[in-house]
Amino acid sequence: MTQTQAGTFFDSFAETFDTFYDGKRSHVMQWIDRRYRHDMFARHAMTFARLGDLTGKRGLDVGCGSGPYVADALRRGASHVVAFDPAPGMLELTRARVEKLGFADRVTLQQGYFPQDAPPGPFDFAIIMGVLDYVADPVAFLKGLRPILSGTAAISFPSRHWFRTPVRKVRYWMRNCPVYFYDEQSIHSIGRQAGFSTVDVIKIPGAGMDYHVCVAP
Ligand SMILES: C[S@@+](CC[C@H](N)C(=O)[O-])C[C@H]1O[C@@H](n2cnc3c(N)ncnc32)[C@H](O)[C@@H]1O
């Protein structure tokens, strides 16, 4: 089953994935990340710029991974964040990250697949970064978000690129983890079908591959 493949893959990949953050990689790898994976940095900055003031707000991070966005939402004053992911290894890294920062009492860790295991809302904001890449039915996914979200969700969608898309498809196919790609029109259509009245799409500039999208009821 597709979803389970993504969860299993990310569980085995958790420690390696986490080295991307906090300067844990070698200088050469950090240079490569800055040069070729700048989307990951850009989408982080755009998320917090576009979500605005989080003071006192309750948030949900779907596919939280090792928790970099959870930590930053709490640093920016969110009162509570539900960190949601199917991969236990990722949730463990999130737990360690927020504990180190002294934020553990403002976080709930929840293991599961969105949307079927969605936590109860309402949430003032949601963050969904690097997840729609692995979702076979994005309309059902966002339909699951709609009733539990009262404010804005920041979501990344991977775009299609003539060279990088086929390369990525093959890389993830070899890891038994299917990936999906989008264009601006399909993102608008998915957002509307899921019942969101606002769907703001920004293509991250440069050679990157992500759309940064904000949806609101
Ligand atoms: C590329 S990582 C991104 C992690 C984090 N959001 C970040 O940007 O650093 C994708 C995460 O999505 C999770 N994921 C995949 N499918 C999911 C689903 N259906 N529901 C919730 N999380 C999912 C994976 O387990 C993985 O931790």
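Helix H3 covers residues 38-51, and its 14 residues should span 20 Å at 1.5 Å a residue; the end C-alpha atoms are 20 Å apart, so the expected and computed spans agree. Please keep in mind that this is a predicted model. Beyond H3, there is an open sheet of seven strands to explore, with helices H4 and H8 lying across parts of it.

**Helix H3**
- The buried residues of H3 are Asp39, Met40, Ala42, Arg43, His44, Met46, Thr47, Phe48 and Leu51.
- As background for reading that list, an α-helix has 3.6 residues a turn, so residues three or four places apart point the same way.
- Just after H3 comes Gly52, which has a positive phi, near 75°.

**The sheet**
- The strand order is E3-E2-E1-E4-E5-E7-E6, and the pairing is mixed.
- At the edges sit strand E3 (107-111) and strand E6 (198-203), each of which pairs on one side only.
- On average, neighbouring strands of this sheet are turned by 15° against each other, direction ignored.

**Strands E5 and E7**
- Strand E5 (residues 149-158) and strand E7 (residues 210-216) run antiparallel and are joined by six bridges.
- If you would like one pair to look up, Ser156 has His212 in E7 as its bridge partner.

**Helices across the sheet**
- Helix H4 (residues 68-75) lies across strand E1 (58-62), strand E2 (80-85), E3 and strand E4 (123-128), and runs at about 175° to E2.
- Helix H8 (residues 184-193) lies across E5, E6 and E7, and runs at about 160° to E6.

Notes. Residues numbered from 1 in each chain as written. Predicted model: local features only at pLDDT ≥ 70, side-chain atom pairs only at ≥ 80, totals over all residues. Heavy atoms only, no water. Helix = DSSP H or I, 4+ residues; strand = E, 2+ residues; numbered from the N terminus. Expected span 1.5 Å × (residues − 1). Buried < 20%, exposed > 50% of the residue type's maximum accessible area, 1.4 Å probe, protein only. Pairing = 2+ DSSP bridges. Axes fitted to C-alpha atoms, helices over the stretch in contact; angles between N-to-C directions. Contact = heavy atoms within 4.5 Å.
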